[in-house]
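Biologist: I'd like to learn how to read a fold like this one. Could you walk me through it?

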Amino acid sequence: HTNLARVYLQKGMREKARKRLHAALRVNPTYDPARELLRRLVRLEKNGEGVTIHAGKVVVFSRKPRDA
């Protein structure tokens, strides 16, 4: 489930990624990779930032416009 969530994040499909991470945690509530990725996803979205996976690492990007 966690690997599928990473693929969904690479494709920008955050809601599907979130569902896969919840499914992973239903199977094993203490699985740290799923817990950490879900925690980052939730925190970053609350801050108005985006998140994706690139080269196996979580990448954060701002969705806020830059000042000119």
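**Reading the model, step by step**

Modeller: Let's begin with the surface: the accessible area of the protein chain is about 4900 Å², and carbon and sulfur atoms account for 51% of that. Keep in mind that this is a predicted model.

Biologist: Which elements does the protein chain have, and in what order do they run from the N terminus?

Modeller: The order is α-α-α-β-β, so to speak a tally of three helices and two strands. As for burial, 28% of the 68 residues count as buried.

Biologist: How do I read the burial pattern of a helix? Which residues of α1 are buried?

Modeller: General idea first: an α-helix has 3.6 residues a turn, so residues three or four places apart point the same way. In this case the buried ones in α1 are T2, A5, Y8 and L9. Looking down the α1 axis, they fit within an arc of 110°, so they line one face of the helix. After α1 comes G12, with a positive phi near 80°.

Biologist: Take T2, then. Why does T2 count as buried?

Modeller: Because its relative accessibility is 7%, and the cut-off for buried is under 20%. T2 sits in helix α1, which spans residues 2-10. Skipping residues up to four places away in sequence, T2 touches L21, A24, Y31, P33 and A34.

Biologist: And the nonpolar core? Which residues make up the largest one?

Modeller: The general idea is that in soluble globular proteins, nonpolar side chains tend to be buried together. Here the largest nonpolar core has 11 residues: A5, Y8, L9, A17, L21, A24, L25, A34, L37, L38 and L41. At least two of them come from each of α1, α2 (14-27) and α3 (32-46). Zoom in on L25: beyond its neighbours within four places in sequence, L25 contacts Y31, A34, R35 and L38.

Biologist: What about R18: is it buried or exposed?

Modeller: R18 is buried, because its relative accessible area is 18% and buried means under 20%. R18 belongs to helix α2. Leaving out residues up to four places away in sequence, R18 touches L38, L41, V42 and E45. With L41 the C-alpha separation is 7.9 Å, though R18 and L41 are 23 residues apart along the chain.

Biologist: Last one: how many of the contacts span a long stretch of sequence, say at least 24 residues?

Modeller: Start from contacts between residues at least 6 apart in sequence; of these, 29% join residues at least 24 apart.

How values were computed:
Residues numbered from 1 in each chain as written. Predicted model: local features only at pLDDT ≥ 70, side-chain atom pairs only at ≥ 80, totals over all residues. Heavy atoms only, no water. Helix = DSSP H or I, 4+ residues; strand = E, 2+ residues; numbered from the N terminus. Buried < 20%, exposed > 50% of the residue type's maximum accessible area, 1.4 Å probe, protein only. Contact = heavy atoms within 4.5 Å. Arc of directions from axis to C-beta. Core = buried A, V, L, I, M, F, W, Y, C linked by side-chain atoms within 4.5 Å. Areas by Shrake-Rupley, 256 points an atom, 1.4 Å probe, with all protein chains shown as cover.
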